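Let us walk through this protein step by step, beginning with charged side chains that pair up and then turning to its nonpolar interior. Please keep the sequence and the model in view while reading.

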Amino acid sequence: MPAPKWERLADHIRQQIKSGELKPGDKLPSTAQLKAEHHVSDSVIRYAMHALRAEGLVESTQGLGVFVAEPK
């Protein structure tokens, strides 16, 4: 059984961070861009971002967006 969409999206972004494609301080694509690129809903994106925040990989700044976190 395939992984849920939110998990696949989180894995995709996680790999971009680990590979260095996305670096600390880089802004992630907007919700609209992620929806268009990955053909997912707002709730899928929220779940993926929640998982990545919980892992300390991204940080959200209200009104500015989601950014790759500095490694701890």
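In this predicted model, the count of salt bridges comes to 3. Taking them one at a time lets us ask where each partner sits along the chain and how far it is shielded from the surroundings.

We can begin with Asp11 and Arg14, whose side chains meet in a salt bridge with a distance of 2.3 Å from N to O. Both residues belong to helix 1, which covers residues 5-19, and because they are 3 residues apart there, about one helical turn separates them. Are these two partners buried or exposed? Asp11 has a relative accessibility of 34% and therefore counts as partly exposed, whereas Arg14, at 14%, counts as buried, since the cut-off for a buried residue is under 20% relative accessible area.

Arg14 also takes part in a second pairing, for Glu55 forms a salt bridge with Arg14 in which the closest N and O atoms are 2.7 Å apart. This pair links distant parts of the chain, with Arg14 in helix 1 and Glu55, 41 residues away, in the loop between helix 3 (42-54) and strand 1 (58-61). Glu55 itself is partly exposed, with a relative accessible area of 43%. When the two pairings are considered together, Asp11, Arg14 and Glu55 are linked in a network of salt bridges.

The remaining salt bridge joins Lys35 and Asp42, and here the closest N and O atoms are 3.2 Å apart. Lys35 is partly exposed, with a relative accessible area of 34%, and Asp42 likewise counts as partly exposed, at 35% relative accessibility.

We can now turn from the charged residues to the nonpolar ones. The largest nonpolar core has 17 residues, and those with the most contacts inside it are Leu9, Ile13, Ile17, Leu28, Met49 and Leu52. Which elements supply at least two residues each to this core? They are helix 1, helix 3 and strand 2, the last of these covering residues 65-68, and it is helix 3 that gives the most, with 5 residues.

Leu52, one of the core residues with the most contacts, deserves a closer look. Leaving aside its neighbours within four places in sequence, Leu52 is in contact with Ala10, Ile13, Arg14, Leu57 and Val58. Arg14 thus appears in both parts of this walk, as a member of the salt-bridge network and as a contact of Leu52.

Methods
Residues are numbered from 1 along each chain as its sequence is written. This is a predicted model: local features need pLDDT of at least 70, side-chain atom pairs count only at pLDDT 80 or more; totals for chains, interfaces and linings use all residues. Side-chain values use heavy atoms; hydrogens and water are left out. A salt bridge is a side-chain nitrogen of Lys or Arg within 4 Å of a carboxyl oxygen of Asp or Glu. Helices (H or I, at least four residues) and strands (E, at least two) are DSSP runs, numbered from the N terminus. Buried means under 20% relative accessible area, exposed over 50%, partly exposed in between (1.4 Å probe, protein chains only). A nonpolar core is a set of buried Ala, Val, Leu, Ile, Met, Phe, Trp, Tyr and Cys residues joined through side-chain atoms within 4.5 Å. Contact means heavy atoms within 4.5 Å.
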